[in-house]
Amino acid sequence: MPGLGIGLGIGLGGGIGAAGLIASKATYLVNISQGALIAALADPFGTGSTYSVVGTPPSQLALSDGKIVAGSGAQVEGQATIVIRASKGQRAIEEPLTFTAQAASVTPTPTPTPTPTPSPTLNGVVPSYGLVSATADGSTGQTYTLNAAWTNVQWYRMRLATPISFTAIPGATGATYVAQAADEGYRLAVTGVESGANRAAKSYHVVLPPPVILEDFESLANWTAANGADVQLATDGPAYGTKRLQVTSTGTSGATATKNNIGSFDTSLLGTIAVLGDAGMDAGRQTGDLAVVLKRFGALQAGPSFGTMYETPSPILMGKLWGCMHVSDNAALSSPGGGTVGVAVGPTGDIPHSKVAKFDALLGKAGGRATVAIVFDDLKPTQYSFAYPLMKSLGIPAGVNFVGTTSSNSSAFDMPKIKETYADGWDVNLDSTFNDNITATFGTLAAAGASLQQNKDLAATNGITRGNEHGCWTGGQIESNPPSARVFVASVTSSGTAVVTMSSTSGIVAGMRAIGHNVPNSPVTTVLSVDSATQVTLSANVPSQTKPMKFEDTSPEFYTMKLPVYYRDVMGMKLMRTTRAQGGMHTRFGFGDRGMFVFGNALHSLTLAQFKAVLDRAELLGLTVIFYTHSIIPGGAAVDSDTQLFTDQMNELASRQNAGRLDCMTLSQIWARDGGASVPTGLLPPPTVAPTGVSFVSASAANDTPAAPSGHQAGDVLLAFAYRDGGTTVPTLPAGWTSLSSAGANNSAYLLAYKIATSSAETVGTFTGATNTVVQCYRGANATAPIGNVSPGATGSSGTSSIPASSWSLQSPGTSWVAYFGGSRSASSDMDTNANRIGHTNATSGSDAGGNDTYGPVTTLSNLSPGSSGGTFWYAIAVELKV
């Protein structure tokens with residue numbers, strides 16, 4: 001099986017480190033002159049990307065020096081779309097960007113805002129957050145506690161959609177209450193009397209069904225390692241149970257641990273799937289990503305995506321992180337029906353392939369409550385004059401990132417205005433520095449921390465402390481830019497001493513840290529001397545081996561992770577927002593170590609359709625999303641929002657909140673809900689569901705006499721594809737097999753056949769004359785008539801093989817699987833390596849063959865390709881397997 005870093009990249013949803021191509025604004029005035037700036041582009045790979053136009057752009061738009069500018073054509077009101085490709089090294093992303101030209105003489109008029117709706121009252125007062133806490137994630141079975149000494153207590157179910165109403169829960173009159181199934185989809189509220197006055201409070205949580213446990217990672221039983229992975233159990237910091245699985249790369253790429261059977265259940269019922277991964281906090285050993293991929297229909301499908309954490313100067317992934325996906329993201333996982341499910345996990349990344357990754361709590365039905373926070377940067381005056389009254393009327397709270405030097409400017413969003421919004425429930429979050437300068441330019445961590453402390457002190461003096469433990473990184477930057485020197489060496493030879501050799505020591509200097517498999521890490525190993533162009537002496541001995549290594553200068557004050565750890569551990573910060581637009585985060589069971597790198601989505605860079613798409617995704621998966629912007633002005637600007645667009649975005653957000661689809665909260669409220677959240681204990685697995693319909697069992701291959709596929713049993717269907725290189729005589733059919741198709745031409749031939757196993761000890765027999773034979777085993781097909789239609793044998797003399805969809809049809813679309821095979825005379829064909837079930841190369845003739853299938857039922861046929869021919873004659877054939 002290919003390593004996770006190579007074979008499973010697609011399943012994780014895109015290239016590592018790609019954040020999506022975002023323009024700084026989506027509108028411009030129609031009277032713009034040729035070559036004038038329309039929008040800047042946020043580098044999706046952090047820095048260093050190159051840009052190009054895909055196809056022919058509209059005449060109104062052009063690309064110049066990494067920016068979108070006005071083209072040579074006449075500007076007209078309306079929309080135009082240009083497709084841009086951003087690339088960096090082997091990574092690339094293409095996205096269409098749509099821009100709207102607006103009339104120059106017309107100032108967009110904000111949509112009239114509704115009259116504020118009075119907040120619903122309970123017990124004669126408006127329920128407030130802050131006095132009700134919940135254990136774990138607040139789901140069914142968790143305990144809610146009223147943290148106040150009230151009498152006459154009564155708990156209620158609070159309807160989420162307007163008109164909001166309250167229903168008393170019979171018998172719920174104590175200071176604590178255990179959430180029941182009947183509470184799911186409601187927020188809990190409570191009333192009481194304190195010092196003779198009526199009181200009411202509500203929970204931050206919405207009661208959700210408990211998740212189901214798919215894999216607890218508590219045992220090494222049935223786990224197999226590949227690509228040099230060292231697989232162990234770790235007892236440090238489990239999120240569920242007492243252990244978690246640790247996978248270590250040992251100098252080889254693609255380290256993988258696989259468990260082929262974690263249960264038999266219906267994945268289509270799992271909704272959001274989440275898992276806790278841990279890439280460690282050692283920046284020198286940071287992994288490119290964490291891979292968790294579910295296996296269904298006998299093949300790896302897709303899995304939770306974690307998302308890199310900050311933008312400038314390069315994306316990283318560190319610490320404990322919750323990753324998630326929805327089963328609807330993958331056709332095989334969303335296909336109804338039971339069957340065996342497996343999982344593969346491991347770290348991905350580059351040299352030195354010495355990553356350590358830990359995995360815990362693979363959960364289904366794990367979606368949280370979709371939640372949105374709006375935060376404003378730089379204390380711009382229109383945040384108060386325009387956004388504040390609009391959002392107040394819509395019932396949307398917000399926060400400002402406080403910049404001490406700006407707060408005294410009366411023409412800005414100054415201190416008196418900040419106090420007014422604070423009294424209305426807005427947060428005062430903190431900019432990472434007092435003067436809004438890049439944090440990493442302060443020379444030392446202590447100096448940067450002192451600048452942050454100035455913001456804290458000024459906020460405290462003015463009594464605006466709520467939210468001060470949350471904030472943003474100025475410019476999204478937490479590391480020296482450019483980062484510290486890093487040298488990657490693909491092959492380093494050691495002989496048990498401190499002396500190591502390599503092809504070139506260029507860029508390596510004394511004092512650098514040496515990192516790699518078996519290189520001592522406690523204390524860290526450093527370079528003592530660069531002895532020659534090919535030899536280095538280290539501070540510790542390294543066992544005899546030839547492995548990749550990395551040499552890195554970790555001395556800079558703002559080396560990766562030093563600043564975030566300092567702000568967290570010394571300065572007491574909880575959530576620090578970056579400028580990396582990656583949608584939402586899974587926070588239902590806590591933030592893990594993501595708190596210092598929470599995603600920020602720029603409102604000014606999102607069209608209304610893009611904004612809705614982010615919200616749709618948050619609702620589907622149950623994510624927390626943070627949006628930010630600066631000024632709100634007609635037409636917008638590079639980092640500013642257009643008044644009309646911002647109004648439309650807020651109205652959309654309010655309509656969803658009023659419909660009960662999501663919550664709008666401040667960062668301090670989100671942290672109060674999820675900052676200390678955890679996975680509930682005693683979770684149940686999903687109900688066992690026996691396989692329904694066809695399922696893949698296993699496959700085998702040989703020149704002419706393959707072994708029977710492992711695990712076969714009576715009633716299974718065996719499909720054999722026997723290919724011959726060097727003659728046109730069709731391979732002979734062994735006893736017990738039924739021929740489905742055969743042909744011979746151009747010094748090659750093939751035979752497709754099947755048999756139904758009568759026991760668990762079948763023999764395949766010999767397909768005399770074959771140079772390549774593959775056999776695939778399936779279970780659950782029709783017991784008496786498993787074979788439906790067979791495609792015509794497709795042929796060609798070069799290029800990529802293809803079985804045209806137009807050449808055949810299915811008898812039972814929607815329930816049938818399709819298996820397909822190919823054979824080529826060329827050793828340079830990829831039919832063996834491209835095969836998704838099994839491939840075979842004849843060591844003598846060099847001919848290739850491969851067996852494939854569709855991984856599940858097919859409703860509509862598409863062209864099927866077993867692979868490229870390697871420039872010689874090929875055959876390809878497909879067969880329908882019916883239920």
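**Figure 1. Asp 65 and Lys 67 pair in a salt bridge in this predicted model.** Asp 65 is exposed, because its relative accessibility is 69% and the exposed class begins over 50%. Its partner, Lys 67, counts as partly exposed at 33% relative accessibility. The closest N and O atoms of the two residues are 3.9 Å apart. The cut-off for a salt bridge is 4 Å. A search of the whole structure finds 29 salt bridges.

**Figure 2. Asp 663 and Arg 187 meet through their side chains in a salt bridge.** The N to O distance is 2.6 Å. Asp 663 belongs to strand S42 (residues 663-664) and Arg 187 to strand S14 (residues 187-194), so the pair ties together parts that are 476 residues apart in sequence. Are the two partners buried or exposed? Asp 663 is buried, at 7% relative accessibility. Arg 187 is buried too, with a relative accessible area of 5%.

**Figure 3. Asp 716 forms a salt bridge with Arg 779.** The closest N and O atoms lie 2.9 Å apart. Asp 716 sits in the loop between strand S43 (695-702) and strand S44 (717-725), while Arg 779 is in strand S47 (residues 772-779), so this pair ties together parts that are 63 residues apart in sequence. Asp 716 counts as buried, with 1% relative accessibility. Arg 779 counts as partly exposed, with 26%.

**Figure 4. Salt bridges that share partners build one network.** Its members are Asp 616, Glu 619, Glu 652, Arg 656 and Arg 661. Both Glu 652 and Arg 656 are buried residues of helix H8. The helix itself is shown in the next view.

**Figure 5. Helix H8 covers residues 643-658 and is largely enclosed by the rest of the structure.** The enclosure follows from burial, because 12 of the 16 residues of H8 are buried. Among them are Thr 643, Gln 644, Leu 645, Phe 646 and Thr 647 at one end of the list, and Leu 653, Ala 654, Arg 656 and Gln 657 at the other. Gln 649, Met 650 and Glu 652 are buried as well. How far apart are the end C-alpha atoms of H8? They are 22 Å apart. At 1.5 Å a residue, the 16 residues should span 22 Å, so the two values agree.

**Figure 6. Asp 642 and Gly 660 flank helix H8.** At the start of H8, a side-chain oxygen of Asp 642 comes to within 3.3 Å of the backbone nitrogen of Gln 644. Gln 644 is one of the buried residues of the helix. Just after H8, Gly 660 adopts a positive phi of about 80°.

**Figure 7. The largest cavity holds about 100 Å³ of space.** The whole structure has 5 cavities of 30 Å³ or more. Which residues lie nearest the centre of the largest cavity? They are Gly 368, Arg 369, Arg 588, Arg 673 and Asp 674. The full lining has 13 residues. Of the lining residues, 3 are nonpolar, 5 polar and 5 charged.

**Figure 8. Pro 58 lies in the loop between strand S4 (50-53) and strand S5 (61-64).** Pro 58 is buried, because its relative accessible area is 19% and burial means under 20%. Gly 73 is 15 residues from Pro 58 in sequence. In space, the C-alpha atoms of Pro 58 and Gly 73 are 8.1 Å apart.

Notes: Residues are numbered from 1 along each chain as its sequence is written. This is a predicted model: local features need pLDDT of at least 70, side-chain atom pairs count only at pLDDT 80 or more; totals for chains, interfaces and linings use all residues. Side-chain values use heavy atoms; hydrogens and water are left out. On a 1 Å grid over the protein atoms alone, a cavity is a set of points where a 1.4 Å probe fits but cannot get out, and a pocket is an open set with protein on both sides within 12 Å along at least five of seven lines; lining residues have an atom within 4 Å of a point. Grid points are joined across faces, edges and corners, and a volume is the space filled by probe spheres set on the points. Ala, Val, Leu, Ile, Met, Phe, Trp, Tyr, Cys and Pro count as nonpolar, Asp, Glu, Lys and Arg as charged, and the others, Gly among them, as polar. Helices (H or I, at least four residues) and strands (E, at least two) are DSSP runs, numbered from the N terminus. The expected span of a helix is 1.5 Å times one less than its number of residues. Buried means under 20% relative accessible area, exposed over 50%, partly exposed in between (1.4 Å probe, protein chains only). A polar contact is a pair of N or O atoms within 3.5 Å; within protein, one must be able to donate a hydrogen and the other to accept it, and residues adjacent in sequence count only if both atoms are side-chain atoms.
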